[in-house]
Amino acid sequence: MARLVVVSNRVPLPSERGAKAGGLAVALADALQPGSLWFGWSGRRSARGSATTHIQRSEGITYATIDLTEADYQSFYVNFSNGALWPLLHFRLGLLDFRSDDYDGYRSVNRQFAAGLLPLLRPDDLIWVHDYHMIPMASELRALGVTNRIGFFLHTPFVPSSIFNALPRSAELLSNLCAYDVVGFHTRTYRAAFLDCVAENLGLHPDPDGRFVWRGHSVRAIVDPIGIDADAFAQRAIESARGSDARLLRDSLSKGGLAIGVDRLDYSKGLINRFEAIGRFFANYPQHRRQVSFLQIAARSREEQGAYQRLRRELDRIVGDTNGRYSEFDWTPLRYMTRAVKRDTLAGFFRLSRLAVVTPLRDGMNLVAKEYVAAQDPADPGVLILSRFAGAAEELTEALIVNPYDSDEIAEAMHIGLSMELEERRERWQSLHKKVAANTARRFCTVFLSHLGRVDTQPERPHLRAIS
Ligand code: ADQ
């Protein structure tokens with residue numbers, strides 16, 4: 001069987017696992033069999049940058065990482081990946097900050113990744129590259145003569161070409177995506193947007209299965225929604241709901257209970273509109289005052305960037321305003337923590353919550369929505385409120401689907417969710433749970449790797465150099 005090589009910007013090293021084990025590490029856990037290799041950035045900045053590859057082994061998996069110099073970190077990671085590509089891919093052209101030096105840094109780091117990976121590669125390795133930081137990786141590997149099968153999965157949305165083309169140098173990035181054998185997206189909408197972009201910008205006509213040929217090279221665009229291990233998450237939730245953190249939280253609540261939001265502190269997650277909706281909820285439905293508390297856990301993220309600093313200040317202001325206006329001496333409507341919480345603890349908190357409010361303005365998938373469903377007690381499940389602009393909304397249609405820009409609609413959905421009869425909650429939850437339990441992390445990996453594994457493996461693929 002071919003060896004799996006995963007490439008991602010950040011490698012979650014076994015030595016730093018724990019509270020922070022991210023979504024990607026969890027999603028790939030089943031695919032990373034002993035013998036697999038995971039390559040990427042160590043998370044360290046050092047003067048020597050990528051000159052040395054650091055190798056760690058754990059449970060048969062090899063983790064190979066390189067450092068970045070401070071300058072590369074700024075241009076590749078902070079400025080271009082998170083200051084240009086992230087807002088672009090979340091429909092936020094107003095926040096797009098493009099500078100050609102940063103773009104050069106982005107390309108240079110992708111070149112360094114390719115050079116660092118090359119000596120570790122074997123001829124029949126399946127290479128699976130993840131996310132927007134690494135779009136040029138296949139082109140860089142092809143330029144070094146690598147003819148392996150290489151796949152790419154985009155964890156964010158893909159945008160219509162009218163938006164994509166606003167990014168200077170977008171044509172190069174589109175060509176870079178066409179250097180992969182398989183390109184994966186969470187939803188049909190994102191794949192369609194990508195294929196439209198290919199049709200419009202490259203003058204090609206992809207077939208209904210998402211196949212097209214570009215400069216002699218066959219590319220296949222697939223839909224492969226990421227999932228979670230719902231059974232394992234439910235088990236964590238059951239255990240953690242009996243633990244001390246959950247007990248402390250339960251004891252601190254009034255009888256009506258808890259509504260919850262859990263996100264990275266990111267402008268794509270719709271937190272400003274959500275917090276405004278919470279104010280509207282207590283204003284429009286005063287019967288819930290004292291009866292319900294909203295707990296927002298927002299892990300700080302990308303704090304180097306102005307847009308994130310401004311977001312945090314604005315959220316602080318709204319929380320102060322809402323709590324100042326509605327708090328009682330023994331009740332706080334909006335509890336707000338800006339740090340990460342352990343997955344186990346989160347699972348227990350989800351199980352305690354009558355309502356989850358997941359209202360990103362745009363989100364590739366959103367795993368919190370799936371985790372909330374998995375964590376519920378089947379006998380007395382809570383209600384999920386979900387943004388129509390999260391990828392998860394294409395699957396989780398039995399949630400209360402809202403427009404995340406409409407604070408009144410979110411407030412009304414909160415009222416409906418908290419007032420919903422047990423029978424309806426159970427019916428909705430059973431349908432949601434069926435989907436969450438079927439679309440697991442394992443299925444996500446199996447589908448992607450089976451597509452990649454089926455790619456024609458002629459030893460000589462001379463056209464590949466031409467597309468670098
Ligand atoms: P993210 O933008 O990070 O991921 P999401 O999928 O919601 O978004 O979360 C990833 C994980 O982080 C989840 O397991 C969640 O529980 C955890 N998490 C979030 N906030 C946390 C907090 N405050 N404390 C502790 N844990 C927290 C990107 C894309 C998503 C896509 C994923 C996977 O933006 O759209 O779903 O990748 O493809």
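The sulfur of Cys178 lies 9.4 Å from the closest cysteine sulfur, that of Cys197, which is too far for a bond. This is a predicted model, and a search of the whole structure finds 0 disulfides in it. The points below take up the cysteines, then the nonpolar cores, and then an open sheet with the helices that pack on it.

**Cysteines**
- A disulfide calls for two cysteine sulfur atoms within 2.5 Å, and because the closest cysteine sulfur to that of Cys197 is the one in Cys178, at 9.4 Å, the distance is too great for a bond.
- Cys178 counts as buried, with a relative accessibility of 0%, and Cys197 is likewise buried, its relative accessible area being 0%.

**Nonpolar cores**
- The largest nonpolar core comprises 96 residues, and the residues with the most contacts inside this core are Val7, Met137, Phe158 and Phe194.
- Helix 2, which spans residues 70–89, gives the most to this core, contributing 10 residues.
- Both domain 1 (4–226 + 444–453) and domain 2 (230–438) give residues to this core, so the core lies between them.
- When neighbours within four places in sequence are left aside, Phe194 is in contact with Phe158, Leu174, Leu177, Phe185, Phe212 and Ala221.
- A second core, separate from the largest one, has 62 residues, and among them are Tyr63, Val182, Ala390 and Phe448.
- As general background, nonpolar side chains in soluble globular proteins tend to be buried together.

**Open sheet**
- An open sheet of 6 strands follows the order 12-11-10-13-14-15, and the pairing is parallel.
- Strand 12 (334–337) and strand 15 (400–402) form the edges of this sheet, since each of these strands pairs on one side only, and the twist from one strand to the next averages 20 degrees.
- Strand 13 (residues 355–358) runs parallel to strand 14 (residues 383–387), and the two are joined by 4 bridges; Val357 stands opposite Ile385 in strand 14.

**Helices on the sheet**
- Helix 10 (residues 271–284) packs on the sheet, where it touches strand 10 (257–264), strand 11 (292–299), strand 12 and strand 13, and the direction of this helix makes about 170 degrees with that of strand 11.
- Helix 13 (residues 367–375) also packs on the sheet, touching strand 10, strand 13 and strand 14, and its direction makes about 170 degrees with that of strand 14.

Technical notes
Residues are numbered from 1 along each chain as its sequence is written. This is a predicted model: local features need pLDDT of at least 70, side-chain atom pairs count only at pLDDT 80 or more; totals for chains, interfaces and linings use all residues. Side-chain values use heavy atoms; hydrogens and water are left out. Two strands pair if DSSP finds at least two bridges between them. Axes are lines fitted to C-alpha atoms, for helices over the stretch in contact, and angles run from 0 to 180 degrees between N-to-C directions. Contact means heavy atoms within 4.5 Å. Buried means under 20% relative accessible area, exposed over 50%, partly exposed in between (1.4 Å probe, protein chains only). A nonpolar core is a set of buried Ala, Val, Leu, Ile, Met, Phe, Trp, Tyr and Cys residues joined through side-chain atoms within 4.5 Å. Domain bounds come from an automatic or database domain assignment.
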